[in-house]
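Here are my notes for you to read alongside the structure. Keep the viewer open and check each point as you go.

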Amino acid sequence: RAKQSGRNRFAFFTAEIEARSARTLQIENALRRAIERGQLSLHYQPQVELRERRIVGAEALLRWQHPEWGWVSPAEFIPVAESSGLIVGIGEWVLRTACRDARAWLDAGLDVQSVSVNLSAVQFRHPQLAELVDRCLEEAQLPPWRLELELTEGAAVDDPAHALTIMERLHARGIRLSMDDFGTGYSSLSYLKRFQISKLKIDQSFVRDLDEDANDRAIVSAIVRMAQALGMQTTAEGVETEGQMAFLREQGCDEAQGYLLSRPLPADDFMRFVRSHRPLPAPTPAKPHIAE
Ligand code: C2E
Ligand code: MG
Ligand code: MG
Ligand code: MG
């Protein structure tokens with residue numbers, strides 16, 4: 001009986017693995033044609049500084065609309081793109097398009113300081129990364145300080161010495177680097193202080209329950225303080241409530257992005273959003289109360 005159930009379990013796992021790899025293969029094949037067929041696009045999510053909510057930047061987020069499947073989530077196709085190596089070509093397209101769009105914002109007179117592009121660990125390790133970045137900036141005539149590259153903690157783990165070299169090379173060009181999803185990966189604090197990182201992006205898992213969870217408040221507060229001590233900025237991800245916003249501001253967090261401000265928007269809608277956005281009035285110092 002034990003043998004029987006063991007065999008069943010084995011059969012079950014095999015079926016599951018087969019189904020999963022069939023789906024992976026299907027995605028991989030479709031993804032191969034997605035760029036040439038114009039199925040990929042970038043959406044932009046505004047990033048604001050916390051005091052007056054001025055827009056300071058936008059994060060480029062990849063979107064894939066398949067003619068039959070509809071929208072496929074990046075959480076599903078990015079891992080496939082990474083394991084198949086397709087991320088190199090896709091990432092190149094993302095970088096080129098984001099730089100071009102950022103140029104268009106400048107040409108339209110919009111006040112958006114920078115565009116952030118997500119870089120997968122595979123791209124980060126690619127020997128021609130620095131040349132690619134140079135080419136994209138050059139083509140778009142975009143100053144390097146207007147480009148921010150988002151790395152995940154994993155990008156630096158395998159070979160920290162190599163990561164350090166690449167980061168220094170990008171940093172020397174004036175490109176800003178930020179650590180995405182900070183707090184969820186395997187970051188070593190001893191490397192963090194040596195890396196040329198100018199910003200920590202506080203992962204949304206710490207932001208989500210800020211209104212209810214004292215532990216999350218303690219973690220976020222500690223990340224902000226540590227970043228300040230190391231001379232880094234902080235951006236909170238996934239901000240959905242005014243309560244979260246108020247807490248983050250109180251703690252000295254620099255920037256935020258999230259559904260409270262805006263969902264990621266198609267390029268045209270993003271430009272409309274920037275045009276119509278009104279920052280909050282500058283906070284006035286509290287007046288002493290005068291009894292009448
Ligand atoms: P990420 O870089 O951490 O991006 C933030 C994710 O949070 C985005 O999901 C965004 O749509 C979502 N988000 C923003 N505000 C809120 C909010 O208030 N609440 C909630 N619940 N979610 C919010 P998305 O677009 O599905 O992307 C998922 C991940 O896929 C990204 O996480 C990033 O790691 C990866 N990704 C997206 N575009 C690219 C790309 O061009 N290249 C690479 N290598 N990875 C990408
Ligand atoms: Mg990101
Ligand atoms: Mg993130
Ligand atoms: Mg994430």
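1. A term to start with: a donor here is an N, O or S atom within 2.8 Å of the metal, and because water is not among the atoms, a site may look incomplete. With that in hand, look at the metals: the magnesium ion (ligand 2) and the magnesium ion (ligand 3) sit 4.0 Å apart, and aspartate 180 coordinates both.

2. Before going further, remember that this is a predicted model. The average pLDDT of the chain is 91, and 91% of the residues reach at least 70. As for the overall scores, ipTM comes out at 0.98 and pTM at 0.91.

3. Which protein donors hold the magnesium ion (ligand 2)? They are Glu59 (OE), Asn118 (OD1), Glu150 (OE) and Asp180 (OD), and they lie 2.0 to 2.2 Å from the ion. Try finding them in the sequence: their spacing along the chain is E-x58-N-x31-E-x29-D. Two of these donors link distant parts of the chain, since glutamate 59 belongs to strand β2 (residues 55–66) and asparagine 118 to strand β4 (residues 114–118), 59 residues apart.

4. Is glutamate 59 buried or exposed? Glutamate 59 has a relative accessible area of 3%, and because buried means under 20%, this residue counts as buried. Asparagine 118, at 28%, is partly exposed.

5. Now move over to the magnesium ion (ligand 3). Its coordination comes from Asp180 (OD), Asp181 (OD) and Glu237, the last listed with two OE entries, at 2.0 to 2.3 Å. Along the chain, the donors of this ion follow the spacing D-D-x55-E. Aspartate 181 is in strand β6 (residues 176–182), while glutamate 237 is in the loop between β8 (233–236) and α11, so this pair ties together parts that are 56 residues apart in sequence.

6. The same check on exposure works here. Aspartate 181 is partly exposed, with a relative accessible area of 26%, whereas glutamate 237 is buried at 7%.

7. Last, have a look at a pair of helices. The axes of α10 (residues 214–229) and α11 (residues 242–251) come within 10 Å and cross at roughly 35°. The crossing of α10 past α11 is right-handed. On the α10 side, the residues in contact are Arg217, Val220, Ser221, Val224, Arg225 and Gln228, and they meet Phe247, Leu248 and Gln251 in α11. Sorted by class, this contact has four nonpolar, three polar and two charged residues.

How values were computed:
Residues numbered from 1 in each chain as written. Chains lettered and ligands numbered in written order. Predicted model: local features only at pLDDT ≥ 70, side-chain atom pairs only at ≥ 80, totals over all residues. Heavy atoms only, no water. Donors = N, O, S within 2.8 Å, 3.2 Å for Na, K, Ca; no water. Helix = DSSP H or I, 4+ residues; strand = E, 2+ residues; numbered from the N terminus. Buried < 20%, exposed > 50% of the residue type's maximum accessible area, 1.4 Å probe, protein only. pLDDT = per-residue confidence, 0-100. Axes fitted to C-alpha atoms, helices over the stretch in contact; angles between N-to-C directions. Left-handed = near helix turned anticlockwise from the far one by under 90°. Contact = heavy atoms within 4.5 Å. Nonpolar A, V, L, I, M, F, W, Y, C, P; charged D, E, K, R; others polar.
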